[in-house]
Amino acid sequence: MAYSNTIVRNMLLSFLLILSSLASFANAKTHYHGFIVQETKVKRLCKTHNSITVNGQYPGPTLEVNNGDSIVIKVVNKGRYNITIHWHGVRQIRTAWADGPEFITQCPIRPGRSYTYRFTISGQEGTLWWHAHSSWLRATVYGGIIIRPKQGDTFPFPKPNRDSLLLLGEWWDANPIDVIRQATRSGGAPNISDAYTINGQPGDLYNCSSKDTIKVPISSGETSLIRVVNAALNQQLFFKIANHKFTVVGADASYVKPFTTDVLMLGPGQTTDVLIKADQPPARYYIAARAYASAQGAPFDNTTTTAILNYKNAPTSKPIMPTLPAFNDTATATAFTTSFRSPGKTLVPTQIDENLFITAGLGLQKCPPKARARNCQGPINGTRFTASMNNVSFVLPSNFSLLQAHHHKIPGVFTTDFPAKPPVTFDYTGNVSQSLWQPIRGTRVYKLKYGAKVQVVIQGTNIFTAENHPIHLHGYDFYVVAEGFGNFNPKTDTAKFNLVDPPLRNTVSLPVKGWAVIRFVADNPGTWIMHCHLDVHIGWGLAMVFVVDNGVGQLETLEQPPKDLPVC
Ligand code: C2O
C-alpha cells in the first residue's frame with residue numbers, strides 16, 4: 001500500500017513539474033520593437049545639437065522583459081553614420097549574430113539599411129543595457145534593459161515598492177563623432193566631455209539645465225529598487241544619494257550577496273542594482289555622480305551630475321548634497337569592488353584548461369620620419385596614442401566580420417596567434433622602459449575549444465600612465481576570483497582566490513596599477529571581443545577576441561546567420 005502511494009505521489013509530482021514547466025514556457029513572451037536610428041534635435045547646456053538617437057529619444061527606449069523572454073528588434077538606420085547595436089551583457093547563447101559589435105559579429109548597418117536582432121534572455125535577472133557599438137555613437141545611442149524574474153518567480157528580496165532606472169551618461173557640447181575623428185587624426189587624446197548626465201539630463205549644477213533635472217519620486221517608508229548603469233563613454237563614476245544607504249543586491253544582471261554601502265563606483269559598462277529605504281525626513285536629496293579618475297595627471301571632466309530624490313510632501317527647499325569621494329580615491333573604489341560575492345556557492349571552474357596572462361594598457365606609437373606633426377600629437381613629441389593587450393594593438397577587420405570569417409572559413413581576415421602571455425616579462429606596474437611602449441598591430445584572436453575552462457589574469461601596465469580599466473567580455477559572464485595591486489604573483493596570489501562565492505560579472509574594474517583574475521567556461525560558440533569599455537581605449541586597440549568553436553550537437557552549435565545580416 002505504502003509502495004503504491006509513493007508511486008502515485010511521484011507520478012503526481014512529475015505531472016505537476018511538467019505542467020509548471022509548460023506554464024513557464026507558455027509565459028515566456030516575445031517582445032517586438034522597432035528602433036529607428038535618426039538625427040534628432042537635443043538641447044543640452046544651452047545649445048541645440050543634431051544628435052543621433054533611437055526613436056527620437058535620448059536616452060533611448062527601455063526594454064522591459066522577464067527572464068526567459070525573447071526579443072526581436074528591427075533597427076532601421078535613418079542616420080548618416082554606419083551603426084550597430086550591442087545588447088551589453090546579454091549572453092547571446094548560439095546567437096552571436098545578434099551581439100552587435102561592428103566588424104566582430106556583423107558588418108555595420110549602413111545608412112538607409114536595416115537589420116533585425118533576435119535573441120533570448122536566459123538565466124539572467126537584473127539590469128543590462130544596449131548601446132551603439134560603432135565609433136562613438138553610443139554617446140547618445142543607448143538605453144536600459146530591465147530583466148525581471150520569470151512570471152510567477154520572485155526577487156530574492158522583498159518586493160520593492162518602486163523600481164527606477166538611472167542611466168549615467170556623458171555629454172559633449174559638440175558632435176561626439178567629430179571629437180573622436182579629430183583625435184584620430186591628431187594622434188592625441190580626445191577632448192574631455194562637458195557634462196555627465198542622469199537619464200540624459202546634466203542637472204542643477206550646469207548651465208541651462210536645472211529646469212529639466214531628473215526627479216525620482218519616493219514616499220516615506222517605501223523601499224525602492226534603483227538600477228544604476230554607467231553608460232558614460234570614458235569615465236568611471238562614483239555615485240551617491242545624500243543621507244541614504246544602499247543595499248547592493250545585483251550587478252550586471254546577476255544577484256549578489258546583499259551588502260550595504262553609501263557610495264557606488266561603476267566603470268562604463270557596469271550595472272549595479274540597489275535597494276534604498278525612504279527612512280529620512282521628507283525632503284529633497286541629491287542623487288549625484290562624478291568621476292573616479294585614476295590616471296595620474298590626465299585631464300578629465302571634473303563636473304558633477306545630479307538628479308533629485310524627491311520625497312512625497314517634501315518642502316521645496318534646496319536639496320541636500322552628498323559628499324562624493326575625491327576623484328582619485330582609489331581606496332573607496334577598491335573597498336566597493338571587493339565587497340561583491342555571489343549569493344551562495346557557485347559553479348566557478350576549479351580545474352583550468354586554458355590559463356592566459358594578458359597585459360592591458362596604453363602605449364605610444366612612434367610616428368614614421370616623414371609623418372606630419374599635426375598627425376603626431378601624442379603626449380611625447382612625434383608619437384601617437386595607442387593601446388594593447390599582450391603587446392598587440394587590436395585592429396578591426398573591414399571586409400568581413402570576424403564571425404563571418406570564422407563561420408564561412410574565409411582566410412586572411414584574422415590570425416589565431418594572439419599570445420597567451422606577454423612576449424616579454426617586465427615589471428608591469430613599475431617604471432616601464434620606453435623600449436616597451438610600442439605595440440605591434442594586428443587582428444589576432446585566441447581560439448578556445450567548446451567547453452574549455454578558462455582563466456585569464458588581466459594585468460594592468462604602467463606604460464605611459466597606469467589607470468583603472470573596465471574590461472568587458474562579450475558573450476559571457478565570468479567569475480571575478482581575485483583582484484589586487486602591483487604585479488600578479490602566481491605563488492602568493494593564487495592562495496587568495498575566492499573559489500566559493502565569487503561574483504559573476506560581464507565587466508571587471510581592473511585596479512589601477514593592479515590585476516584581476518577571471519574564470520569562465522567557454523560554452524558559447526562565436527567570436528567574442530574582450531575590451532576596455534572606455535571608448536577612447538577601444539579605438540586605440542585595447543582589445544582582443546576569443547573565437548569559441550562549436551561543440552557537439554545543435555545545442556552547442558552557433559545558429560545559421562540571419563538572411564538580413566549586413567554585408568560590408
Ligand atoms: Cu558595452 Cu563591447 O560593449
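User: What makes domain 1 and domain 3 count as being in contact?

Analyst: This is a predicted model. In it, 25 residues of domain 1 are in contact with 32 residues of domain 3. Contact requires heavy atoms within 4.5 Å.

User: Where do these domains lie along the chain?

Analyst: The domain assignment places domain 1 at 22-148 and domain 3 at 354-556. Domain 2, at 162-337, comes between them in the numbering. The centres of domain 1 and domain 3, taken over C-alpha atoms, are 25 Å apart.

User: How much area is buried between domain 1 and domain 3?

Analyst: About 2200 Å² is buried there. Carbon and sulfur atoms give 57% of that area. On the domain 1 side, R91, R94 and I104 supply 32% of what domain 1 buries against domain 3. No other three residues supply more.

User: Why is the pair of D523 and R91 called a salt bridge?

Analyst: The closest N and O atoms of D523 and R91 are 2.9 Å apart. The cut-off is 4 Å, between a side-chain nitrogen of Lys or Arg and a carboxyl oxygen of Asp or Glu. The pair therefore meets the rule.

User: How many salt bridges and polar contacts are there between domain 1 and domain 3?

Analyst: The count is 2 salt bridges between these domains. The rule also finds 20 residue pairs in polar contact across the interface. On the domain 1 side, β5 (85-88) and β7 (126-132) each supply at least two of the touching residues. β7 gives the most, with 3 residues. By class, this side has 10 nonpolar, 10 polar and 5 charged residues.

User: How many salt bridges does the whole structure have, and why does the pair of D523 and R91 tie together distant parts of the sequence?

Analyst: A search of the whole structure finds 15 salt bridges. D523 sits in the loop between β30 (514-521) and β31 (526-532), and R91 in the loop between β5 and β6 (114-120), so the pair joins parts 432 residues apart in sequence.

User: How many aromatic pairs are there, and why is the pair of F357 and Y428 called tilted?

Analyst: The count comes to 30 aromatic pairs. For F357 and Y428, the centres are 5.5 Å apart and the planes are at 40°. Pairing needs centres within 6.5 Å, stacked needs planes under 30 degrees apart, and edge-to-face needs over 60. The pair therefore counts as tilted.

User: Which parts of the chain does this aromatic pair link?

Analyst: F357 is in strand β20 (residues 354-366). Y428 is in the loop between α4 (402-407) and β23 (440-442). The two residues are 71 residues apart.

Note on methods: Residues are numbered from 1 along each chain as its sequence is written. This is a predicted model: local features need pLDDT of at least 70, side-chain atom pairs count only at pLDDT 80 or more; totals for chains, interfaces and linings use all residues. Side-chain values use heavy atoms; hydrogens and water are left out. Domain bounds come from an automatic or database domain assignment. Buried area is the accessible area (1.4 Å probe) that two parts lose on being put together, summed over both. A polar contact is a pair of N or O atoms within 3.5 Å; within protein, one must be able to donate a hydrogen and the other to accept it, and residues adjacent in sequence count only if both atoms are side-chain atoms. Helices (H or I, at least four residues) and strands (E, at least two) are DSSP runs, numbered from the N terminus. Ala, Val, Leu, Ile, Met, Phe, Trp, Tyr, Cys and Pro count as nonpolar, Asp, Glu, Lys and Arg as charged, and the others, Gly among them, as polar. Rings of Phe, Tyr and Trp (its six-membered ring) pair if their centres lie within 6.5 Å; planes under 30 degrees apart count as stacked, over 60 as edge-to-face and the rest as tilted.
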